[in-house]
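Dear colleague,

I am handing over the structure below, and my notes on what was found in it follow directly after.

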Amino acid sequence: MSRQRILALPEFNVAVFAFLLNYPWEFLQVPFFDDMPTMPHWEAVVFCTRATLGDVLIALAAFWGVAALTRNRSWILQPTLRTVLLFVAIGVVITIGLEWHATAIDDRWQYADTMPTLPILGTGLLPLIQWMILPLLLIWFVRRQVRGQLALNDA
């Protein structure tokens with residue numbers, strides 16, 4: 001597959017922009033997790049990088065979920081309110097499940113007292129806000145990038 005075709009793949013762009021948008025967010029959340037502010041620098045970088053790679057997988061799962069439901073891998077080029085809401089909803093549901101599993105079952109991380117949480121689920125509000133705001137930016141960036149790349153390929 002040529003470089004131009006790879007650059008025009010929606011999945012490639014979802015992965016790239018999910019990484020670029022979520023990486024700084026993960027670092028900004030550090031004060032809201034127990035032990036993160038006092039963790040050695042490199043350990044914190046690795047932890048945030050792993051979390052960001054998880055965010056990339058969530059974004060890809062949400063993208064493919066919408067693509068399967070709409071039977072259209074190109075939905076992101078002409079997003080509708082329905083596809084955007086589906087994309088966000090899938091990401092939010094996965095995030096709630098993963099946050100609950102990581103904090104309640106695996107004890108992989110805990111929220112600091114400063115993290116606002118949902119009353120019943122106990123899910124951190126910042127990870128939920130992350131999956132309500134960043135997907136909108138992600139769709140915008142991916143749409144612009146893929147459309148631009150397709151236009152270049154046609155030229």
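Please keep in mind throughout that this is a predicted model. To begin with one residue, aspartate 106 has a relative accessible area of 39% and is therefore partly exposed. Its side chain meets that of arginine 108 in a salt bridge, with 3.8 Å from N to O, and arginine 108 is likewise partly exposed, at 48% relative accessibility.

The structure holds two salt bridges, and the other one joins the side chains of arginine 73 and glutamate 11 at 2.6 Å, N to O. Because arginine 73 belongs to the loop between α3 (41–70) and α4 (81–105), while glutamate 11 sits in helix α2 (residues 10–28), this pair ties together parts that are 62 residues apart in sequence. As for accessibility, arginine 73 counts as partly exposed at 42%, whereas glutamate 11 is buried, its relative accessible area being 14%.

Helix α2 itself deserves a few words. It comprises 19 residues and reaches 27 Å from its first C-alpha to its last, close to the 27 Å expected at 1.5 Å a residue. There is nevertheless a bend of about 25° at asparagine 22, and a proline, proline 24, follows within four residues. Asparagine 22 is also one of the buried residues of α2, a list that includes Glu11, Val14, Phe17, Leu21 and Trp25 as well. Among the elements that cover these buried residues are α1 (3–8), α3 and α5 (125–154).

With best wishes

Terms used
Residues are numbered from 1 along each chain as its sequence is written. This is a predicted model: local features need pLDDT of at least 70, side-chain atom pairs count only at pLDDT 80 or more; totals for chains, interfaces and linings use all residues. Side-chain values use heavy atoms; hydrogens and water are left out. A salt bridge is a side-chain nitrogen of Lys or Arg within 4 Å of a carboxyl oxygen of Asp or Glu. Helices (H or I, at least four residues) and strands (E, at least two) are DSSP runs, numbered from the N terminus. Buried means under 20% relative accessible area, exposed over 50%, partly exposed in between (1.4 Å probe, protein chains only). The expected span of a helix is 1.5 Å times one less than its number of residues. The bend at a residue is the angle between axes fitted to the seven residues ending there and the seven starting there. Contact means heavy atoms within 4.5 Å.
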